[in-house]
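Here is a set of short questions and answers for someone meeting this structure for the first time. Each answer sets a value against the rule behind the word.

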Amino acid sequence: MKIPRLLQAVLVLAGVYFGFIIVFDVILGAVIPASLLAMYMFFTTAGVFMVFTYDEDQTRELVAPIKALVEDPSKRLWRNIVFAIVPLAAGGFTYVQMQPSFEAPLELRTIHPAPPSTAKIYGKRVNLLKLENPLRKIEKEDPEKFRELVNQGAAVYIQNCQYCHGDKLDGNGLYAAGLNPTPLNFQDVGTIAQLQESYLFWRISTGGPGLPKEAAPWISSMPVWQNFLKEDEIWKVILYLYDYTGHRPRSWEHE
Amino acid sequence: MMDRGSIRTVLIPVFAASFVVLSFGQAMAKDGDGDKGEAIYAKRCLQCHGEEGDGLGPAAERLNPPPRDFTLGLYKFQSSAFDADLPNDDDLFRMVRDGMPGTAMPGWGDMLSEQDMWDVIAYIKRFAELEGTPEKQIDYGSQVQSSPESVAAGKKLFLADDRCSECHGVEGRGDAIKKLKNDNGERTWPRNLTKPWTYRASNDPKDIFTRISAGIPTTQMPSFADPKSKKKLSIEERWHVANYVASLPKTEKVVRPENTVIKAVRVENELPTSPDDPAWDKASPTTFFMLSQIVGKERFFKAANDTISVRALYNGDKIGIRLEWDDRTKSIPGDAKAESIAEGELLEDAVAVQFPVKIPTGMEKPYFLMGDAAKPVTLWRWSSGTTEEAESAAILDAEGIDQQETRDAAAGFTAKGSYKAGTWRAIMTRPLRTEAADKDLQFEEGRFIPVAFFAWDGSNGEVGTRHAMTTWYWLLLKPSTGAKPIIFAVIVALLIGGVLVWWARSAAARSRSAAS
């Protein structure tokens with residue numbers, strides 16, 4: 001049996017709509033913003049309309065059921081039902097749309113803002129482009145000493161960082177639920193694996209208040225760690241973050 | 001971002017719960033290889049539980065509760081009988097796999113394989129040379145399903161002879177009048193049974209039955225299956241109590257991560273002047289998660305309060321906020337009873353609401369911990385008072401955690417508290433607009449106003465920078481929408497209806513003329 005053209009068009013649109021919902025909301029677990037979905041659906045609808053009205057015959061076929069509903073006297077009952085439902089639905093939709101929104105303002109956020117070329121850390125002006133972890137070279141030179149440094153970094157982490165970033169470095173510490181934005185998940189391949197050690201040093205030592213202008217909305221709860229930790233403690237904790245997760249820091253050499 | 005976080009927060013307990021359900025009664029203990037477990041322990045466990053398994057890792061000082069000392073071989077959450085000499089392997093497995101909600105112990109089930117976890121358990125057991133299986137198990141009899149009758153029977157037993165209420169309080173909020181310690185001499189507080197997310201080993205009735213029957217070793221939670229106990233309960237009675245305890249959590253206290261806005265409801269008459277006035281129920285509560293102040297100097301790691309529920313009402317002149325939070329102790333310095341149960345020096349309980357001085361026009365807000373020099377904040381503070389001095393209300397002008405100035409209840413600001421069965425309620429009211437626009441927030445209807453909260457538990461040594469806190473959330477003075485939406489809806493419906501009718505008629509006319 002041939003599916004009527006109008007039903008085909010409706011099915012295509014429904015398929016696209018639910019496809020988005022299933023892929024984003026269910027599979028990826030990241031709820032798709034309503035405005036974005038509306039934009040996708042607008043373009044999809046326009047595209048479907050263009051395809052289905054490509055020539056006159058197709059257009060006629062597409063609108064035939066609608067035309068029949070309005071003009072065919074034998075469909076009178078259905079016409080009355082549809083003509084009652086459509087204005088009511090439109091009125092209801094208008095009513096809902098006119099309600100003021102009490103949803104919290106959307107706060108889009110740059111997760112990894114571009115670092116400034118220099119930053120003032122521990123009272124010194126530091127060139128972030130040239131900055132390297134002074135302890136990293138020990139990894140090759142003296143693996144035993146390096147292990148010791150990683151362990152010291154672990155102690156710093158567990159005393160200071162795990163409350164939010166979690167024992168498992170998965171961003172799910174005891175206090176994570178009370179923070180927005182939620183603490184960074186270092187296990188995720190999209191976080192420290194993408195960054196240089198100098199970047200981590202900058203973010204850790206200057207914290208939320210050290211975020212640059214473009215890192216709106218400046219609500220990170222990250223403390224300013226240069227107020228609490230010594231410089232080498234921060235470098236050690238960075239060693240620990242990479243060691244525990246198995247990620248490697250990005251560096252100029254490998255690119 | 002928020003969406004992802006909230007989904008995670010919702011899903012994790014669901015997964016954990018399904019694990020718990022699946023694991024019941026399954027004898028699935030496996031042999032682990034302690035030598036392999038040693039390497040896993042060194043990487044994943046040592047930082048808290050210590051190289052020697054004595055719970056003295058580098059973080060021990062800053063964790064509440066402290067990490068378990070494995071050398072004792074005693075575990076709090078065992079399903080072997082109260083007089084058994086060791087826990088079941090499955091008990092250890094559950095603790096490793098699911099973690100301990102409300103503590104720093106995470107569930108490892110998503111990071112370690114089942115075999116890895118058994119290997120770690122084999123290694124952990126070496127610290128106390130635990131071997132074999134316990135001889136006595138809890139007799140569960142046949143489970144009494146929860147019903148209103150069972151819950152009522154459980155409540156009676158809970159309260160009778162002050163059996164459970166002696167520590168857990170008459171409404172289960174852990175508002176005991178006893179100073180509890182564990183076997184190590186560390187201070188412990190009885191569980192607030194109305195907060196299921198703080199139950200270390202789930203609030204399923206079967207788990208609660210297990211706790212009632214086996215007690216919680218190393219703590220003062222006794223076994224109620226012990227025939228020598230004066231407060232002994234039969235199996236059936238323990239099921240009733242378990243069903244009652246499982247019924248205690250109140251949903252409005254549960255944090256819903258997507259609820260970030262306190263919607264202040266407009267009322268036409270005067271705002272309620274008592275914290276317990278039922279008029280507050282006109283506004284629905286929003287509950288926020290509180291964390292310890294670990295951001296600014298001096299940091300504090302062991303805040304007692306973990307949630308706060310907020311409602312707000314306003315009229316043409318004033319705004320009123322009611323804060324509600326569970327606190328096991330009514331901390332009134334000078335009060336003999338309060339002094340006797342406090343941990344350390346007894347201080348006043350207090351709570352504060354923080355607003356920016358100016359409603360931000362962009363996304364930039366003041367620093368959430370008491371503002372900064374560029375963007376000051378105003379704090380409304382209520383303190384419980386002492387036996388000498390009455391409760392007090394104050395306004396703080398702050399530009400950072402160490403930059404605060406106190407103004408006495410200026411600008412018509414009032415605050416009042418009331419304590420009942422383990423819950424504080426504090427109300428604060430202030431005129432919507434004041435003279436001092438450079439220091440006081442001027443409220444506006446329909447604007448999203450950042451708001452944050454702070455709480456001090458005076459029986460837990462909390463004062464100054466030692467407190468619980470939230471990050472920024474929103475307060476909205478919900479404007480009345482008026483008749484506009486309904487008028488527009490009717491107009492749209494009529495217009496579309498008219499067009500349709502006109503279309504049908506003209507089509508009918510066309511077909512008539514075509515026919516003739």
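Q: What makes strand 7 and strand 13 of chain B a pair?
A: The model is a predicted one. In it, strand 7 (residues 318-326) of chain B and strand 13 of chain B are joined by nine bridges, in the antiparallel sense. At least two bridges are needed for a pair, so the two strands pair. One bridge sets Lys318(B) opposite Pro431(B) in strand 13 of chain B.

Q: How do you know that strand 12 of chain B also pairs with strand 13 of chain B?
A: Seven bridges link strand 12 (residues 414-420) of chain B to strand 13 of chain B. The rule asks for at least two, so this is a pair as well. Its sense is antiparallel. Thr414(B) has Thr429(B) as its bridge partner in strand 13 of chain B.

Q: What do strand 12 and strand 13 of chain B form, and which residue in the turn has a positive phi?
A: They form a hairpin, with two residues between the strands. Ala421(B) in the turn has a positive phi of about 45 degrees. Most residues other than glycine have a negative phi.

Q: Why is strand 13 of chain B called mostly covered?
A: Strand 13 of chain B runs over residues 423-431, and eight of its nine residues are buried. Buried here means 20 or more other C-beta atoms within 10 Å. For chain B as a whole, 43% of the 516 residues count as buried.

Q: Why is Ser202(B) called buried?
A: Ser202(B) has 23 C-beta neighbours inside 10 Å. The cut-off is 20 or more, so Ser202(B) is buried. Ser202(B) lies in the loop between strand 2 (187-188) and helix 8 (205-214) of chain B. Its phi is near 70 degrees, a positive value in a residue other than glycine.

Q: Why is Glu129(B) called exposed?
A: Glu129(B) has 8 other C-beta atoms within 10 Å. Exposed means 12 or fewer, so Glu129(B) meets the rule. Its loop runs between helix 5 (114-126) and helix 6 (148-159) of chain B. Glu129(B) also has a positive phi, about 50 degrees, although it is not a glycine.

Q: How do you know that the peptide bond from Asn180(A) to Pro181(A) is cis?
A: Its omega is near 5 degrees. Pro181(A) is in the loop between helix 7 and helix 8 (197-206) of chain A. Most peptide bonds are trans.

Q: What is omega for the cis peptide bond that joins Asn64(B) and Pro65(B)?
A: Omega is about 0 degrees. Pro65(B) sits in the loop between helix 3 (46-49) and helix 4 (89-98) of chain B.

Q: How many residues of each chain take part in the contact?
A: Chain A gives 48 residues and chain B gives 58 residues. On the side of chain A that touches chain B, helix 3 (56-71), helix 4 (76-98), helix 6 (143-160) and helix 7 (162-165) of chain A each supply at least two residues. Helix 4 of chain A has the largest share, eleven residues. By type, that side of chain A divides into 29 nonpolar, 13 polar and six charged residues.

Q: How do you know that domain 1 and domain 2 of chain B touch?
A: The domain assignment of chain B gives domain 1 (24-137), domain 2 (157-249) and domain 3 (252-477). In domain 1 of chain B, 15 residues are in contact with 18 residues of domain 2 of chain B. A contact needs C-beta atoms within 7 Å. The side of domain 1 of chain B that touches domain 2 of chain B has nine nonpolar residues, five polar and one charged. The C-alpha centres of these two domains lie 23 Å apart.

Q: How far apart are the C-alpha centres of domain 1 and domain 2 of chain A?
A: They lie 50 Å apart. Domain 1 of chain A covers 5-98, and domain 2 of chain A covers 118-254.

Q: Which elements of chain A have the lowest and the highest mean pLDDT?
A: Helix 3 of chain A has the lowest, 84, and helix 9 (residues 231-245) of chain A the highest, 97. Chain A averages a pLDDT of 88, and 95% of the residues score at least 70.

Key. Residues are numbered from 1 along each chain as its sequence is written. Chains are lettered from A and ligands numbered from 1 in the order in which they are written. This is a predicted model: local features need pLDDT of at least 70, side-chain atom pairs count only at pLDDT 80 or more; totals for chains, interfaces and linings use all residues. Helices (H or I, at least four residues) and strands (E, at least two) are DSSP runs, numbered from the N terminus. Two residues are in contact if their C-beta atoms, placed from the backbone, lie within 7 Å. Ala, Val, Leu, Ile, Met, Phe, Trp, Tyr, Cys and Pro count as nonpolar, Asp, Glu, Lys and Arg as charged, and the others, Gly among them, as polar. Domain bounds come from an automatic or database domain assignment. pLDDT is the predictor's confidence in each residue, from 0 to 100.
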